[in-house]
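Open the model in a viewer and keep the sequence panel visible. The stops below go from one selection to the next.

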Amino acid sequence: MLRNCLFLLRHTLSLGTGLRWRAVVILSAICTVLTLASAGSRAADFFAGQKIYQAHCARCHGPEGRPLLPNVPNFYQGERLDAPDGFLVRSIKAGGNLMPSFNRIIKDRDILNALAYIRTLQR
Ligand code: HEC
């Protein structure tokens, strides 16, 4: 995204017309908005998710997704993972019978990252 914007800006600069600076200002504004918007929708971060999982989830779900306590779903065997991200994120935020609520404790983005990591534990 950013690279496309810089490319466009460079070409606008080389136009050499009287409207050049106005075009540069408008393009910069559009690019800033687009770059910020695309940063918000970037793909889940596996490594951030791994850190979150190890810090907050592994004590019950196990470092490899094999549960350490009874009644905990087995991610290693893919339990509960057929549900869509949106459903599971809400579920993690709400908590369960035994699982604490992570609402406001972990950012939505990091819950999604942890979920992306959990999905890689399935064998
Ligand atoms: C205190 C133990 C514990 C911790 C810590 C814990 N969980 Fe859970 N988790 C459970 C249990 C038990 C269940 C089954 C539902 C219930 O009884 O609460 C569950 C269920 C789930 C489910 C399935 C939810 C569903 O609706 O099917 C997901 C996904 C999940 N946990 C992810 C996480 C993530 C991500 C973390 C860390 C941010 C985490 N859990 C931390 C115990 C825990």
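Select Asn71 first: it has 10 C-beta neighbours inside 10 Å, so it counts as exposed. The model is a predicted one. Asn71 sits in the loop between H3 and H4. Check its backbone too: phi is positive, about 70°, although Asn71 is not a glycine.

Stay in that loop and select Arg80, which also lies between H3 and H4. Its phi is near 75°, a positive value in a residue other than glycine. Arg80 has 13 C-beta neighbours inside 10 Å and therefore counts as partly exposed.

Now go from Asn71 to Asn97. The two residues are 26 apart along the chain, and their C-alpha atoms are separated by 9.6 Å. Asn97 belongs to the loop between H4 and H5. Is Asn97 buried or exposed? With 5 C-beta neighbours inside 10 Å, Asn97 counts as exposed.

**The whole chain**

Zoom out and colour by secondary structure. The protein chain has five helices and zero strands, and from the N terminus its elements read α-α-α-α-α. Of its 123 residues, 14% count as buried. Take the contacts between residues at least 6 apart in sequence: 51% of them join residues at least 24 apart.

**The ligand**

Select the ligand and the shell of residues around it. Which residues come nearest? Of the 20 residues around the ligand, these are Cys57, Cys60, Ser91, Gly96 and Met99. Helix H3 (46-61) and helix H4 (85-94) are the elements that give two or more residues to this shell. The largest share, five residues, comes from H3. Colour the shell by residue class to see 12 nonpolar, six polar and two charged residues.

**H3 against H5**

Keep H3 and add helix H5, residues 108-119. Two packed helices are described by the angle between their axes and the distance between the axes. For H3 and H5, the axes come within 7 Å and cross at roughly 95°. An angle of 65 to 115 degrees counts as roughly perpendicular, and H3 and H5 are therefore roughly perpendicular to each other.

To display the contact, select these two sets:

- on the H3 side, Phe46, Ala48, Gly49, Gln50, Ile52, Tyr53 and Cys57;
- on the H5 side, Asp110, Asn113, Ala114, Ala116, Tyr117 and Ile118.

By class, the residues of the contact of H3 with H5 divide into nine nonpolar, three polar and one charged. Cys57, listed here on the H3 side, is also one of the residues that come nearest to the ligand.

**Gly49**

Centre the view on Gly49, in helix H3. Why does Gly49 count as buried? Gly49 has 23 C-beta neighbours inside 10 Å, and the cut-off for buried is 20 or more. Leaving out residues up to four places away in sequence, Gly49 touches Ala44, Asn113, Ala114, Ala116 and Tyr117. Draw a C-alpha to C-alpha distance from Gly49 to Asp110: the two are 6.3 Å apart in space and 61 residues apart in sequence.

**Tyr117 and Asp45**

Move across to Tyr117. Apart from residues up to four places away in sequence, Tyr117 touches Phe46, Gly49, Gln50 and Tyr53. From Tyr117, draw a second distance to Asp45: the C-alpha atoms are separated by 8.2 Å, with the two positions 72 residues apart along the chain. Asp45 is found in the loop between helix H2 (20-40) and H3. Asp45 has 17 other C-beta atoms within 10 Å, which means that it is partly exposed.

**The nonpolar core**

In soluble globular proteins, nonpolar side chains tend to be buried together. For the last selection, show the largest nonpolar core, which has 13 residues. Those with the most contacts inside it are Tyr53, Ile111, Ala114, Leu115, Tyr117 and Ile118. H3 and H5 each supply at least two residues of this core. Which helix gives the most? That is H5, with six residues. Of the residues with the most contacts in the core, Tyr53, Ala114, Tyr117 and Ile118 can also be found in the contact of H3 with H5.

Definitions and conventions:
Residues numbered from 1 in each chain as written. Predicted model: local features only at pLDDT ≥ 70, side-chain atom pairs only at ≥ 80, totals over all residues. Near = placed C-beta within 6 Å. Helix = DSSP H or I, 4+ residues; strand = E, 2+ residues; numbered from the N terminus. Nonpolar A, V, L, I, M, F, W, Y, C, P; charged D, E, K, R; others polar. Axes fitted to C-alpha atoms, helices over the stretch in contact; angles between N-to-C directions. Parallel < 35°, antiparallel > 145°, perpendicular 65-115°, else oblique. Contact = placed C-beta atoms within 7 Å. Buried ≥ 20, exposed ≤ 12 C-beta atoms within 10 Å, placed from the backbone. Core = buried A, V, L, I, M, F, W, Y, C linked by C-beta atoms within 7 Å.
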